Every structure is written in structure tokens, then in C-alpha cells.
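Biologist: I'd like to go through some of the labels on this model and hear what stands behind each one. Can we do it term by term?

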Amino acid sequence: MVNVLRGMQTILTIAEFALVWWGVRWILRERTEGVRRWVMAAGVAILAGLTIYQRTMIMYSRGWLVVTVVFCGGLDFICYKKEKWPVWIFQTLCFETLYCLDLTFYIAWKLLRAEQQFLADNLTFRPEWALFFGISRGIVAVGIAVLYRYRKEAVRYLKSGTRLWIMVVAFEHVSLIICDGVFLPGREEQSIRGWKLLFFLYPILLLILVFLLILQQYRFRYEQAGKQNALYAGQIQVMEKEKRERERIYHDFRNHLILLQGMLSEGDIPGAEEYLKGLLKAGEEKKLIRLGLPVLDYLLQMKIAEAKKQGIKVQEQYEGGLPALNVDGITDWCALLGNLWDNALEGCARLKGGSWIRFSMRREGMAVAVKMENSCPPGVDAKHPVSGKADRHMHGIGLKNIDHVVNKYGGTVERECRDGIFVTRIVIILQEQKG
């Protein structure tokens, strides 16, 4: 019987480590490569083997949990190049949650049976332990499956709420410290009272945590939107000022005609022809209409000019233009198009040569479809592209700004990278705007 229980214990312990490490790969999309992969595999195997051996002597040990968490943290900081803290927090939460569930089921079972032989049970194999371990690991497996289903949101909340999750880690460990008392003779009753209090506090604390995470996300989005609006509002003012200055020059054809007349009267025909060519070129540039909104047309003109200056080939296509927009609408579209072009320019800049951009916008009724294609280095992850910016804090801001505008209008955005081509497709349904 003991051998059977030990075999079940071994299987459950292996399942425990598999859940945690596969959860990192599934949800956080973290991978180890080269030597790091073998160091990680060896470390996990050693830790799992030691845990199996430890549980043949004592079924529960908070000290060994601390060793596991510290050992995992060391492996994370050695083997992962980025996102070390989110990985460690995720692993720690998994291990602590497993230990908390094991103890919760165990104490509840002892209370239902009106038994208090906690220390003796912890030092001997019992069938109940295998049952409790199986239930708790099943619950964690379901939780990881749910996180995988909503992994995009889970990763965002995990990375943005680091301080809150560290508080949860601390609370779970304090809970384990309180429960430790059930294995100390003379402290069973006091520890059980503390366990009952924790049992009722957990749902309340969970609701508080969810509220704080949601509040933090909305606060971050509103701050980001405020900074974004302020940035593009300033750009709009600059572009409108430049546009007015250009219009004053283009509208002063009387002076141009007088100058041309003088040049012709003096016989300077080559000079007049050159001057006229310059005027015609400026006039064609002025009359170039892309979306039908001067500010957005000027923004596109600036981005396209910047691309051509960098030697990037540009193809553009427009059908239907945009309807009249209020100030907020123009600001949002400036943010959307500006970040879309900035990301494409950044992707092209990472290539040594032969880069190109294809941009198209089509409107049918109130539906607007935007498609941006640009050359990029091979192997780029469309869901988590790596920024080439020197300031790593700015990494991903452009993508978040685009997603924010698309979500604001209830649209959809798709990204994919294949054969060195990064493609972004956006669909937005416009609504009638007032003001």
C-alpha cells in the first residue's frame, strides 16, 4: 500500500511541476534556447526529484516551498532573457496556491471528522493526501486552461499589476505560516481559528484584487489616452499652422504672375520656365488629396516623405476617403495612422536595404478598412514584436495606442508576419460624430 501511495505521490508531483512550467510556456509565451534550455530542463528535473524525495519523509513542508520558490527564481534569472519577474511571480503563485489548496482540503477534512492528529498525519503516507493533492492540482490545471483561453488579458494583468501580485504572494505565504501551527502541538486550536478567518477572507480579498486590477487597467488606459491626445493635439496645431502658411504662399498667385511677367519681359525664358515648373510641382503637391481631411492628408504626406527620404519604396491606395470628423475623431485617427506608419518605418529601418511599404484605406458606407504591409526581418513575432528603440520603456507603446483607438470604436485589428512581411489589418465602423 505504501509503495502504491508513493507511486501516486510521484505522479502528482511530476504533474505539479509540469503544470507550472508548461503554464509559463503556454500563457507567458516564454521560451529558453540553446544552453539555457538544457540548464532549465536539468534544473526542473533536479527540483522535481528532490521534491519527490522530500515528500516521502514529510507530506507538507513550508520550508521546502521556500526552497522551491528561490530555486525557481534562480533558474528564471539565469535562463530567461526578458520578463523574468512575471515568470517568477506566475510560478510562485502556482506553487503557493497548490500548497494552500492542499492544506485547506486537509484541515477541512480533519475538522469534519473531528480529528486533530495533524502532526502524525504529516509524517506518514495516507490515502487522503493523494486525494487532496489530486483535487488541488486538478483545480490549478483548470485555472491554467482558463488563463490560456484568455492569455492575452492574463499576461496584460500579470505584467501591469506586479505590485499587486507580489502582495498576493505575500498574503498566501502569511496564510501558510498561520496554517503551519496545526502541526505544532498545543497550537492546533489557535491555528484552526486563524484558518477559519482566512477561509472567509479569501473571497473578499479576491474581489478586492479583481477591483484593483480593473481600476489599474482603466487608470493606465486613461493616462495613456490623455498623453496620446495631448501629443497629437500638439502635432495637429503644428500641422494646421504649417498648412495655413503654405496656403498663404499658394494663394498669392498675383505676385507669382508679376514675377513671371518681369522675367519674360527681360528675356529670361529659362528662368521663367524653371520658376513655373516649381510652381506647378507645388500646386500638384497641394492638390494631392488622400482622405479628404487636410490634417490627416498632411500627416500622411509627412510620413510618406519620411519613408522616401530613408529609401523606402511606398505604394498607397485610397478609396472613399473619410467623412467629416470632430476634434476627437481627428485626434484618434492621427494617433492610429501616425503609430501605424511609425511602426512600419521602424520595421523597415531594421533592414539593410530593399525595404518597402504598402498602405491602403477603403471606406464603404461607414466601414473603414485599413491595411498596412511592410518588409521586416524574418522571424518577427506578430503578437509580441521586439522594438528597435533605444528606450525599452517605449517598447509596445505604438501597438497599444493602435489597439486603444480600435477598441474605442469597437473595431478589430489583426497582425501577422510571414516570409518577411508584416501585415496589419484594421476594420472600424464609424459613427456619426457631433461637434
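Modeller: Sure, starting with the lining of the second largest cavity: its residues divide into five nonpolar, one polar and two charged.

Biologist: What makes a residue nonpolar, polar or charged here?

Modeller: Ala, Val, Leu, Ile, Met, Phe, Trp, Tyr, Cys and Pro count as nonpolar, Asp, Glu, Lys and Arg as charged, and the others, Gly among them, as polar. The lining consists of Arg55, Met59, Tyr60, Ser61, Tyr99, Asp102, Trp129 and Phe133. Helix 4 (84-112) and helix 6 (127-149) are the elements that give two or more residues to that lining. Helices (H or I, at least four residues) and strands (E, at least two) are DSSP runs, numbered from the N terminus.

Biologist: Why is that space called a cavity?

Modeller: On a 1 Å grid over the protein atoms alone, a cavity is a set of points where a 1.4 Å probe fits but cannot get out, and lining residues have an atom within 4 Å of a point. The second largest cavity holds about 40 Å³ of space, and the structure has four cavities of 30 Å³ or more. A volume is the space filled by probe spheres set on the points, which are joined across faces, edges and corners.

Biologist: Before we go on, what is the model's origin?

Modeller: The model is predicted: local features need pLDDT of at least 70, side-chain atom pairs count only at pLDDT 80 or more, and totals for chains, interfaces and linings use all residues. Residues are numbered from 1 along each chain as its sequence is written, and side-chain values use heavy atoms, with hydrogens and water left out.

Biologist: Why are helix 3 and helix 8 called roughly antiparallel?

Modeller: Helix 3 (residues 62-79) and helix 8 (residues 162-180) pack at about 155 degrees, with axes 11 Å apart. Angles over 145 count as roughly antiparallel, so the label fits helix 3 and helix 8. Axes are lines fitted to C-alpha atoms, for helices over the stretch in contact, and angles run from 0 to 180 degrees between N-to-C directions.

Biologist: Which residues make the contact?

Modeller: Arg62, Leu65 and Val66 of helix 3 meet His173, Leu176, Ile177 and Asp180 of helix 8, where contact means heavy atoms within 4.5 Å. By class, that's four nonpolar, one polar and two charged residues.

Biologist: And how do you know that strand 3 and strand 5 pair?

Modeller: Two strands pair if DSSP finds at least two bridges between them. Nine bridges join strand 3 (residues 367-375) to strand 5 (residues 421-429), and they run antiparallel, so the pairing criterion is met.

Definitions and conventions. Angles under 35 degrees count as roughly parallel, over 145 as roughly antiparallel, 65 to 115 as roughly perpendicular and the rest as oblique. On a 1 Å grid over the protein atoms alone, a cavity is a set of points where a 1.4 Å probe fits but cannot get out, and a pocket is an open set with protein on both sides within 12 Å along at least five of seven lines; lining residues have an atom within 4 Å of a point.
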